[in-house]
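Open the model in your viewer and follow the stops below. Each one says what to select and what is there.

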Amino acid sequence: MKDWLFYSLLAIVAWGFWAFLPKVALTWLDPKSVFIYEALGGALTGLLGYIILRPELGFEIRGIIPSILTGVAGFIGVLCFLYAIRTGKVSIVAPLTALYPVVSLALAVLFFREKLNAVQVAGVFLAIVSVILISHE
């Protein structure tokens, strides 16, 4: 199995738990509390990663700023996701919010001039259609 496929599958499993576990936590806590505990979990993971991996950190501001903004955007998304699943169904909210790659794709086309072929455009269209079908009650 290719490395990228192995790690992609692990990411799917991890993100599957990431989308499921907050609904359990929200049974006993409000979204703000769950958000803070999730942020603490992320900080602990970052600290452990630093201790175990011992990376030599680069200090190029052009890389640091987007890295920090990635964390900010991620945690804003987490907070919004928590409020969404507080009253919404995880089975609907998780697939809907999983359309975030469409935003990444649009940004890549706009800023990096990446090109999409017809099959990729069809894939985006079908992803949107699939979420509409999953969301239908």
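Begin with the largest pocket of this predicted model, which holds about 920 Å³ of space. To find the centre, select Trp15, Trp18, Gly74, Val78 and Tyr100; of the 20 lining residues, these are the closest to it.

Now colour the lining by element. Four helices give two or more residues each: helix 1 (3-25), helix 2 (31-53), helix 3 (61-87) and helix 4 (90-97). Which of the elements supplies the largest share of the lining? Helix 3 does, with 9 residues.

Recolour the lining by residue class. You should find 12 nonpolar, 7 polar and 1 charged.

Next, keep helix 4 on screen and add helix 6, residues 118-135. Look at how the pair is arranged. Two packed helices are described by the angle between their axes and the distance between the axes. Here the axes come within 9 Å and cross at roughly 170 degrees. Angles over 145 degrees count as roughly antiparallel, so helix 4 and helix 6 are roughly antiparallel to each other.

Show side chains at this contact. On helix 4, select Ser91, Ile92, Pro95 and Leu96. On helix 6, select Val131, Ile134 and Ser135. By class, the contact has 5 nonpolar and 2 polar residues, with no charged ones.

Move along to helix 5, residues 100-112. Tyr100, already picked at the pocket centre, lies within that range. Place a distance marker from the first C-alpha of helix 5 to the last. The 13 residues reach 18 Å, close to the 18 Å expected at 1.5 Å a residue.

Step just past the end of helix 5 and select Arg113. What is the sign of its phi, positive or negative? The phi of Arg113 is positive, at about 60 degrees.

Finally, zoom out and switch to a cartoon of the whole protein. Count 6 helices and 0 strands. From the N terminus on, the elements run α-α-α-α-α-α. Reduce the view to the C-alpha trace, which spans about 45 × 45 × 30 Å along its principal axes.

Terms used:
Residues numbered from 1 in each chain as written. Predicted model: local features only at pLDDT ≥ 70, side-chain atom pairs only at ≥ 80, totals over all residues. Heavy atoms only, no water. 1 Å grid on protein atoms, 1.4 Å probe; cavity = no way out; pocket = protein on both sides within 12 Å on 5 of 7 lines; lining within 4 Å. Points joined across faces, edges and corners; volume = space filled by probe spheres on them. Nonpolar A, V, L, I, M, F, W, Y, C, P; charged D, E, K, R; others polar. Axes fitted to C-alpha atoms, helices over the stretch in contact; angles between N-to-C directions. Parallel < 35°, antiparallel > 145°, perpendicular 65-115°, else oblique. Contact = heavy atoms within 4.5 Å. Expected span 1.5 Å × (residues − 1).
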